[in-house]
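User: I'd like a close look at one part of this model. Here it is.

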Amino acid sequence: MIIDILGFFANTVCHRMDSRSVFIYGKKLPLCARCTGIYIGVLVGFLMLCALKRLDFKKPPELKTAVLSAVFLLPLMLDGAGSYFGFFGTANIIRIITGALCGVFFPAFFVLAINYTGNFENTSKPIISFKEYIVMCLFSLSLAFVVYFGFINYYVAAVFSILGVAVFYILLFSMLLRLIFKKTGISKILAASGIIMVGYVFLFNFALGMMT
């Protein structure tokens with residue numbers, strides 16, 4: 001039952017090919033290696049923002065932090081494009097590493113977009129400093145390695161990665177709703193995003209079932 005629910009979420013973001021997936025004691029994780037890395041990064045980045053109490057911050061990171069996040073995005077884009085078009089293939093460990101480094105910055109981007117007003121006077125600090133971003137990346141990489149080499153319970157790894165998918169969807173839908181309903185409170189935005197996420201996952205899997 002739990003695996004089926006996790007699979008519903010995984011279907012909406014991932015091809016789930018066996019050859020590109022991570023196995024723990026013979027059991028395939030819900031997401032492929034690259035997506036596992038990405039959504040591990042998303043969850044780590046979000047939890048770090050929660051721990052640092054930065055979910056209401058509006059000030060963008062320093063230029064060097066933004067540049068480094070862009071640099072970390074390039075390997076994933078090149079790797080993904082090369083694999084998709086058949087130019088070259090990479091090992092799953094490379095896929096999970098590039099995913100983990102890329103996904104960790106997404107929560108900060110979404111939070112900034114959700115909170116954006118054009119006024120940064122509410123805080124003298126950016127949403128994350130350069131050092132904090134490095135720590136986020138190291139945590140994300142460490143967890144990715146733990147998952148890849150199977151130093152973690154299968155169900156814990158599976159739930160952790162899919163929680164990253166849920167966080168991604170809620171932040172994404174919150175950002176979109178915020179653009180439309182600018183005066184609505186954030187609690188209502190988050191609640192609506194959760195409902196939209198569940199509806200989207202259900203409809204996606206229903207459509208997928210109709211086509212197969």
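Which residues does Leu31 touch, not counting residues up to four places away in sequence?

Analyst: A quick word on the model before Leu31. This is a predicted model, where local features need pLDDT of at least 70 and side-chain atom pairs count only at pLDDT 80 or more, while totals for chains, interfaces and linings use all residues. Residues are numbered from 1 along each chain as its sequence is written, and side-chain values use heavy atoms, with hydrogens and water left out.

Now to your residue. Leu31 sits in strand E2, residues 27-32 (strands, E, are DSSP runs of at least two residues and helices, H or I, of at least four, numbered from the N terminus). Leaving out residues up to four places away in sequence, Leu31 touches Ala10, Val13, Cys14, Ser21, Thr36, Tyr39, Ser161, Ile162 and Val165, where contact means heavy atoms within 4.5 Å. Leu31 is buried, and its relative accessible area is 0%; buried means under 20%, exposed over 50%, and partly exposed in between, with a 1.4 Å probe and protein chains only. As for Leu6, 25 residues away along the chain, its C-alpha atom is 9.3 Å from that of Leu31.

Zooming out, the chain has eight helices and two strands, running α-β-β-α-α-α-α-α-α-α along the sequence. Buried residues account for 44% of its 212 residues. Of the chain's contacts between residues at least 6 apart in sequence, 78% link residues at least 24 apart. The C-alpha trace spans about 50 × 40 × 35 Å along its principal axes.
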